[in-house]
Amino acid sequence: MTTHDNVVCTFCGCLCDDLEVDVEDNAIKAVRKACLIGKNKIMNALSHAPAIRVNGREASLGAAVEEAARILGEAKNPLVYGMSSTTSEAQREMVDIAEMIRANLDNPSSYCHGPGVLARQQAGLVTCTLGEAKNRADLVIYWGCNPVEAHMRHLTRYSLQPKGLYTPEGRKDRKVVAIDIRQTPTTKRADLFLQVTPGHTFEIASVLRALVNGLEPEFQDGREEVAGVPMESWRRVVEMIKACKYGVLFFGLGVTQCRNTDINVEQVSRLVQDANKHVRFSALAMRGHGNVNGCNQVMTWQTGFPLAVNFSRGFPRHNPGEYSVVPMLARQEVDAALIVATDPGAHLPADAVRFLKTIPVIHLDPHENLTTPWATVVIPVAPVGVAAAGTFYRMDNVPLRVKKMVESPHPSDEDVLKAIKEKIRHVAHT
Amino acid sequence: MKTSAHLTLIAAPDLPVEAESLLPEHISGKTADEILAMPLLVGNRMETVGERFTVSVVEEGGDGPAELTLTGDLTRFKRIGEGMTGGRLVVEGSTGFHAGAMMSGGELVITKNAGDYLGAMMSGGRIVVRGNAGHFAGAAYRGFNRGMSGGLIVIHGSAGNLTGARMRRGIIAVRGACGDLAGFGMGAGTVIIGGEPGVRAGANMARGSVIMMTRPKEIMPTFRYNCAGRPGMWPLFSALLARADCVFPEAGPETVFESYSGDFNEGGRGEILLRRSPL
């Protein structure tokens, strides 16, 4: 039996890199230190792989690759989408394919943390690594996120409990504020919990900005409250911000998907900038899928834009809403799709899935899921982080190398995408 | 010679079409065959105008800017009138994204609805939409800090979110309701809203004016009440808009407006003018 140390879990944006995995006879026998989800993901990584299928019939890998290349080569407005749970090496191949076939290219961040990425490009964001948060932060604000249930080891490894260089007492050295629309296991761990009414992220950030800047907000209706919380509580938050040595604000989908999406995050970014006039303060997005941050990284250094890119003119153009996956499918304006390492059947709105079922779809995934039953071409791939190696980007933009611990009967996403790319190139030249 | 051309759509396309080639200045002096040979990007393939439209051309005596009329359901047609510098372009139907974006002169008339980014970052000319407009009318594109910098946009129906966002000059008049964040981050210019405004009007504005005929649900707490009065510019604005067939009958020259200054997070030199309803 072989024990692999410092294994990186690929489930969520935390990318916990301290796991221990026992492997015997090409099978995973035990996983230690992971959260329950991470442990299950690794233990069952090789199970439920779909058969290679073309139009519902089993086929060889070569035939599936050939059919995929034909569909993509003939498409007049194809969509290349997904990438959030595969390696950055595979993501790079997808960008190459999208450019070659003049496709629309998007990733799941366009309906989760994409607004945060857009806000960062518009206004800038003072940010830090999780290591800095662990070692320095004496004020932690969780806003619109619930890491206890969504990023299970975030609090113990990075943000709340760990003993850091300048926080030797761990939790005792930290003040914690939680802002959310309901009580959650995370809010129960906070020193100050502000339960707000939904849809007011922008107003909260605006008022906090004003208070940080020494301005007194004026309420025309006479109510001294914002989002259902009295001004006294917001003043207390600002006092905590101004009194801390190093503050970190972790924001989740409650901020990015609140009414007016990216504008909220832009205002939160400006709040963090204003707080830096008084103390050192950073903000970090609580990224969800393992390598969804890698999608934004790879697309940015390959095309200049983090999401919603169109290559129909042969060069990249960017416009969220116009080239984002959900609105494009709602307008029914794509005629083929290559979908890798995400499950649109489970994640996208019903209307979008209904439309996808009417066009040729090529789907690469390690497991049977809600998309494989109806996809035109299904190609199973080796699960990354278990049977395929590569690069993942953590939520704080730190790249980590994920390991290959066992052999899979299937090739990696990267290898399949390279084969499809070569076939498209060959067909175009002949 | 003044050229007038009328293009009629043969059938609505299934794929998005980019039609920035269809400008009055591009058809001036051209024959029907030359117009039919002009390019259109359909999906990721180049086609010609003749594959999508029939055309009739009339050459009139005397000089004058060209006039182009497009008829049909052009909802999937993007960039109609983009970069227009002169002449008159009439769309008898609805348009998709970017209609009149970046235009610097001439007149664009859309008889039904317009999509998102209507007149985005335009610097001159006039756009009239008889129906509704989408989000980002007269706004800046993502990553840019300067939206519309001149010209006039009149929307007779309603408009979407972020109308006039980050604009730097010019006038946007919305006769109907308007979405959230009208005039967000604006540095100059005027947004006038006749119907019900969305939330956060004028948020983060540094300068400029947002004029509202209907009381919003709330005014951002980063604005401060100044006074009520009859702004001297309103009769001038009202007359200017009337010449563009845009009338706000609820606000005559003697109408009293409440004035608010803000956004104080950005210096507080912008203003919201709110029509005071008669008792």
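**Questions on two chains, their domains and their interface**

Me: Is His318(A) buried or exposed?
Reply: The relative accessible area of His318(A) is 17%, while buried means under 20% and exposed over 50%, with partly exposed in between (1.4 Å probe, protein chains only). This is a predicted model, in which local features need pLDDT of at least 70 and side-chain atom pairs count only at pLDDT 80 or more, while totals for chains, interfaces and linings use all residues. Residues are numbered from 1 along each chain as its sequence is written, chains are lettered from A and ligands numbered from 1 in the order in which they are written, and side-chain values use heavy atoms, leaving out hydrogens and water. On that accessibility, His318(A) is buried.

Me: Which backbone oxygen does the side chain of His318(A) reach at 2.8 Å?
Reply: His318(A) lies in strand E16 of chain A; strands (E, at least two residues) and helices (H or I, at least four) are DSSP runs numbered from the N terminus. A polar contact is a pair of N or O atoms within 3.5 Å; within protein, one must be able to donate a hydrogen and the other to accept it, and residues adjacent in sequence count only if both atoms are side-chain atoms. The side chain reaches the backbone oxygen of Ala308(A) at 3.5 Å. At 2.8 Å, the partner is the backbone oxygen of Leu307(A).

Me: And which residue of chain B is in contact with His318(A)?
Reply: Contact means heavy atoms within 4.5 Å. Leaving aside neighbours within four places in sequence, His318(A) is in contact with residues of chain A including Leu118(A), Phe305(A) and Tyr323(A). From chain B, the list names Arg142(B).

Me: How many salt bridges does the rule find between chain A and chain B?
Reply: Let's set the scene: 46 residues of chain A are in contact with 42 residues of chain B. A salt bridge is a side-chain nitrogen of Lys or Arg within 4 Å of a carboxyl oxygen of Asp or Glu. Arg166(B) and Glu266(A) form one, with their closest N and O atoms 2.9 Å apart. Across the interface of the two chains, the number of salt bridges is 10.

Me: How many charged residues are on the side of chain A that touches chain B?
Reply: Across this interface there are 34 residue pairs in polar contact (both at pLDDT 80 or more). On chain A, helices H2 (61-74), H4 (114-123), H8 (201-212) and H11 (261-275) and strand E16 (317-318) each supply at least two residues of the touching side. Ala, Val, Leu, Ile, Met, Phe, Trp, Tyr, Cys and Pro count as nonpolar, Asp, Glu, Lys and Arg as charged, and the others, Gly among them, as polar. By that division, this side has 13 nonpolar and 16 polar residues, and the charged ones number 17.

Me: What area do chain A and chain B bury between them?
Reply: The size of an interface is often given as the accessible area lost when the parts come together. Buried area here is the accessible area (1.4 Å probe) that two parts lose on being put together, summed over both. For chain A and chain B, 41% of it is on carbon and sulfur atoms, and the total is about 3,600 Å².

Me: Within chain A, which three residues supply 54% of the area that domain 1 buries against domain 2?
Reply: Chain A is divided into domain 1 (51-112 + 290-390 + 405-429) and domain 2 (114-285), with bounds from an automatic or database domain assignment. The area buried between these domains is about 590 Å², with 60% given by carbon and sulfur atoms. More than any other three residues of domain 1, the suppliers are Cys112(A), Pro306(A) and Leu307(A).

Me: How far apart are the C-alpha centres of the two domains of chain B?
Reply: The assignment for chain B gives domain 1 (1-13 + 21-66) and domain 2 (79-275). Of these, 7 residues of domain 1 are in contact with 10 residues of domain 2, and the rule finds 0 salt bridges across their interface. Their C-alpha centres are separated by 31 Å.

Me: With which side chain does Thr186(A) make a polar contact?
Reply: Thr186(A) is in the loop between strand E9 (175-180) and strand E10 (192-195) of chain A. At 1% relative accessibility, Thr186(A) counts as buried. The polar contact of the Thr186(A) side chain, at 2.5 Å, is with the side chain of Asn146(A).
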